[in-house]
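Work through the following exercises with the model open beside you, and try each task before reading its solution.

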Amino acid sequence: MNALVRYRVARVGIPCIWRRKCFSSGNEPAESNRVTPMLRHLIYKIKSTGPITVAEYMKEVLTNPVKGYYVHHDMLGEKGDFITSPEISQLFGELLGIWFVSEWMTSGKNTAFQLVELGPGRGTLTGDVLRVFSQLGSVLKNCDISVHLVEVSQKLSEIQALTLTEEKIPLERDAESLVYMKGVTKSGIPVSWYRDLKDVPKGYSFYLAHEFFDTLPVHKFQKTRQGWREVLVDIDPQVSDKLRFVLAPCTTPAEAFIQHDEQRDHVEVCPDAGVIIQELSQRIALTGGAALIADYGHDGTKTDTFRGFCGHQLHNVLIAPGTADLTADVDFSYLHRIAQGKVAALGPVEQRTFLKNMGIDIRLKVMVYLTNTKYLHLKFIYK
Ligand SMILES: C[S@@+](CC[C@H](N)C(=O)[O-])C[C@H]1O[C@@H](n2cnc3c(N)ncnc32)[C@H](O)[C@@H]1O
């Protein structure tokens with residue numbers, strides 16, 4: 001899926017990972033209607049200002065600086081709410097690392113580059129990519145590499161630091177600064193943390209976003225006889241402390257993001273994704289590099305994909321907000337439209353195709369062989 005087209009020195013590769021998950025928009029059988037601090041906050045907000053958009057709901061629930069789901073949770077892994085490819089196998093990050101090295105080589109072996117990850121989770125993916133960089137030290141020698149992590153979660157940034165940095169070198173912290181943490185990776189590479197991509201220094205960069213764009217807030221629209229109407233979140237008048245979906249009585253500003261010839265009767269639009277792709281494209285066009293975006297998504301064909309996950313199970317998105325992950329599939333056709341004309345954007349292709357093209361089968365055979373060899377060797381010593 002790693003389709004690439006050149007635009008001067010700039011490229012953008014847009015692979016997409018399709019995760020098959022079923023939808024949940026609040027229609028499942030009754031679940032516990034726990035009154036969480038976030039639910040209390042939302043009810044107060046809706047009572048003061050009226051129903052809120054789904055985008056505002058998602059943003060509050062996931063990234064509210066005080067009560068947001070991402071801000072204080074470690075939700076990844078078996079004990080969490082969901083698991084991602086880098087948490088399952090090192091193969092994923094290794095192959096992505098090789099993709100970046102190959103891009104660096106074919107684009108003229110710049111003397112320096114930044115590796116920038118958006119939403120790095122537990123830092124596992126960047127760790128796997130950096131291991132490849134270390135293993136290919138002879139290829140990358142004399143190349144000045146730095147790592148830049150864009151993360152809103154304080155909790156996850158601490159875990160990323162544990163995964164990636166050298167314990168003996170203390171981290172520099174400054175909560176007030178745009179660069180809120182700095183350290184040195186285990187392989188001696190400087191690493192910095194930011195809350196926003198805009199704050200990452202400009203320069204030749206490789207950008208990585210895995211299961212990041214699906215967490216960005218979406219606006220939802222329903223086609224009605226009166227035209228498009230935005231789906232809003234309101235308080236259920238029948239049941240206390242319960243939220244429900246309603247339709248806006250008139251047009252709302254985000255309708256501008258719907259294509260004029262749209263054929264679907266329900267759409268999700270993500271202006272925040274557009275802003276980030278615009279920033280990425282401008283940066284790549286200006287200073288060079290490439291971006292690899294992996295997510296579950298579609299090409300402007302799906303309708304209602306907004307859903308929640310808690311303890312690896314589908315979760316009603318309006319129940320116990322702040323205790324479950326919220327996600328919506330990425331519309332890759334929209335990302336393409338934004339990148340068009342600035343950089344070359346290719347894909348999406350399925351994760352399976354991308355990984356196969358990158359040689360996952362061969363890498364797996366090597367790993368199995370090495371594991372077996374070690375095992376035989378140990379047996380030999382033991383006897
Ligand atoms: C679904 S997790 C994916 C983690 C990791 N990429 C992986 O594949 O394991 C989403 C990540 O994006 C971060 N995140 C969510 N919204 C963000 C935002 N607006 N800005 C920066 N990071 C964000 C979360 O804190 C988390 O690290």
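**Exercise 1.** Which of the 19 residues around the ligand come nearest?

*Solution.* This is a predicted model, in which local features need pLDDT of at least 70 and side-chain atom pairs count only at pLDDT 80 or more, while totals for chains, interfaces and linings use all residues. Residues are numbered from 1 along each chain as its sequence is written, and side-chain values use heavy atoms, with hydrogens and water left out.

Start with the shell, where a residue is near the ligand if one of its heavy atoms lies within 4 Å of it. The nearest residues are Thr84, Gly119, Gly121, Glu151 and His210. Next, sort the shell by class: nine residues are nonpolar, seven polar and three charged, where Ala, Val, Leu, Ile, Met, Phe, Trp, Tyr, Cys and Pro count as nonpolar, Asp, Glu, Lys and Arg as charged, and the others, Gly among them, as polar.

**Exercise 2.** Find the ligand atoms that pair with Gly119, Gly121 and His210.

*Solution.* Look for polar contacts, which are pairs of N or O atoms within 3.5 Å. A nitrogen atom of the ligand lies 2.7 Å from a backbone N or O atom of Gly119, and an oxygen atom of the ligand lies 3.0 Å from a backbone N or O atom of Gly121. For His210, a polar side-chain atom lies 2.5 Å from an oxygen atom of the ligand. Then consider cover: the ligand taken alone exposes 590 Å², and the protein buries 93% of that (Shrake-Rupley method, 1.4 Å probe).

**Exercise 3.** Where does the peptide bond from Gly347 to Pro348 lie, and is it cis or trans?

*Solution.* This bond is cis, with omega near 5°. Pro348 is found in the loop between strand S19 (345–346) and helix H11 (351–357), where helices (H or I, at least four residues) and strands (E, at least two) are DSSP runs, numbered from the N terminus. As background, most peptide bonds are trans, and most residues other than glycine have a negative phi.

**Exercise 4.** Locate Asn142 and give the sign of its phi.

*Solution.* Asn142 lies in the loop between helix H7 (137–140) and strand S4 (144–150). Although Asn142 is not a glycine, its phi is positive, at about 75°.

Notes:
A polar contact is a pair of N or O atoms within 3.5 Å; within protein, one must be able to donate a hydrogen and the other to accept it, and residues adjacent in sequence count only if both atoms are side-chain atoms.
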